[in-house]
Amino acid sequence: MAKLISWLAILLFSANVLAQQTDTGQAGTEQTTTAQTAAEQAEQQPQLHNGFELLSDLPTKNQIPLFENRFRIDEHVEEITLLLFRRRGSASAVLVQPDGSKLHFSTAEQNKIRWHDASSYDLIEIKNPMPGPWQAIGRLLPESRIMVLTDIKLDVDPLPENLMVGETVKVTARLTNGNEPMNARDFREVLMLEVIFVSTNNADYDNFGRGVVQVAQFRDDGKGYDERARDGVFTGEFQLRFVSGEWIPKYIVRTPLYTREVEQPPVVLKAAPIVADIIAAPALPEGQPVEQGKPHQVLFRITDDSIDKATVLLQGRVRYPNGEVDEFALNEPGLTAREVMLKNRGHGSYILEVQAFGAMQDGRQFMLSLPETSFVVKMPVFEAPVLDELPQSIKDEIAAEQAEPEPEFPWGLVIGANLLILSGGGLAIWIVITDRKWADLLFWRKKPVAAEPEPAKSETQQGATAKNNANAQKNNDMDDILDLTLPDD
């Protein structure tokens, strides 16, 4: 019995120890797995959708623009978070502060900076950064972002879902300082809000590779849709008149002291949900009254099920080929066919400009301008009557066309003969005036050169010559006598 109790005690102790070890191992395994999963997700997130998924976890969406790896921090910024995407495998970025000092990943801890260095991005958090111009050095990608935590913020109302091409959208943005409206009267110039849309370069949409689209600019001047001047609140409307696809809305406010940007999540812009089916009638023959022409039929068809078809109203105008402009309206609610009959104004171009008003299935009201629609009516073509025999006048015209053409007067020969006669007469007159011979015209023949006679010598020259010859003969004779004398020695 004592042995049995001892074995039970040992077994219970072993089970407790094993359970503790198992719990510890599982906890360690879970922590390791969680850390590995987080690291894998952090490594994979920059590849997903150009890194935009990672931005949703950051503390704020107010940004500072990054231009050629340079950015400026104003004195109101309390904290910045830099998400610097770089080429995979490249070295971590280096930050250059306004005073010229550099911040590295290896020196981040001693500078009290949180710095996460991954294989394709750097996530850096700096508190109370130095005001002034900064620079990031590295092989950075355009998707890099600089988020700021500051008392000065730009808040923009989010855009609605199911946006459509041609839709008119209202936007309201507020520039605040410590959750209070910014007093824009302190600035000499009126503040301006710039709205741009940036393509996500998603190959599944039509806006792939479209880059940046400047949509609108709003001034805080109390004009137009802006309620009060210089109150830090921007209110305006803009039309989405660009290609459908996936876009990133971005709002920018620039002041002499600082710049604030807000980037909203990507939105999908759909194609126009209403199309016009046109049945063109034949053009009127010339001379026929306009009232007798058959009208052209235009039937508007809704292609998007997210629209409440019973609430759609249409109005617009048509421009006829003769320049006349006529307006129309289809303002009867319900599911009746929306059809317009256009007057037949003969051949030419008919241009339709249409606006649509209605509501989505979720109750959101919308107003959009449909793409301009046009169609062309061609001039009527009549078949020529078949004649058994051609009229005599037509036969005479055909015979005249088929007859051999009369020979033309030889103007070239006459002109050439006259030129030859004038040239010959002119040459004869020149020979007579210059007293030349016809042989002089044979310039290629060489003239014989006559020998020049030697000039006759005078008597004085002849006597001198004879005397010189006698002296020469005497010298020659003296050279023939031998000198036989001996020297005195």
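## Threonine 168 in strand β12

In this predicted model, threonine 168 belongs to strand β12, which spans residues 168-177. Its relative accessible area is 18%, and because the limit for a buried residue is under 20%, threonine 168 counts as buried.

The side chain of threonine 168 forms a polar contact with the side chain of glutamine 239, at 3.4 Å. Beyond the neighbours within four places in sequence, threonine 168 is in contact with Glu237, Phe238 and Gln239, and also with Met367 and Leu368. Glutamine 239 thus appears both as the polar partner and in the contact list of threonine 168.

## Nonpolar cores

The largest nonpolar core has 30 residues. Within this core, the residues that touch the most other members are Leu154, Leu193, Phe197 and Phe238. At least two residues of the core come from each of these strands: β10 (152-156), β12, β14 (192-199), β15 (212-219), β16 (233-239), β17 (245-254) and β19 (267-270). A second core, separate from the largest one, holds 26 residues, among them Val298, Ile302, Phe328 and Met360. In soluble globular proteins, nonpolar side chains tend to be buried together.

Leucine 154 has contacts outside its neighbours within four places in sequence, and these are with Asn62, Ala173, Arg174, Leu175, Leu193, Tyr251, Val253, Arg260 and Val262. One of these partners, Leu193, is also listed with Leu154 among the residues touching the most other core members.

## The four-stranded open sheet

Four strands make up an open sheet, ordered β2-β8-β4-β5, with antiparallel pairing. The edge positions are taken by β2 (70-73) and β5 (102-103); each has a single partner strand, so one side of each has no neighbour in the sheet. Strands of a sheet pair through backbone hydrogen bonds, either parallel or antiparallel.

Strand β2 is joined to β8 by four bridges, and the two run antiparallel. Arginine 72 has proline 133 in β8 as its bridge partner. On the pairing between β4 (residues 94-96) and β8 (residues 132-137), three bridges connect the strands, again antiparallel. There, valine 94 is placed opposite isoleucine 137 of β8.

Methods
Residues are numbered from 1 along each chain as its sequence is written. This is a predicted model: local features need pLDDT of at least 70, side-chain atom pairs count only at pLDDT 80 or more; totals for chains, interfaces and linings use all residues. Side-chain values use heavy atoms; hydrogens and water are left out. Two strands pair if DSSP finds at least two bridges between them. Buried means under 20% relative accessible area, exposed over 50%, partly exposed in between (1.4 Å probe, protein chains only). A polar contact is a pair of N or O atoms within 3.5 Å; within protein, one must be able to donate a hydrogen and the other to accept it, and residues adjacent in sequence count only if both atoms are side-chain atoms. Contact means heavy atoms within 4.5 Å. A nonpolar core is a set of buried Ala, Val, Leu, Ile, Met, Phe, Trp, Tyr and Cys residues joined through side-chain atoms within 4.5 Å.
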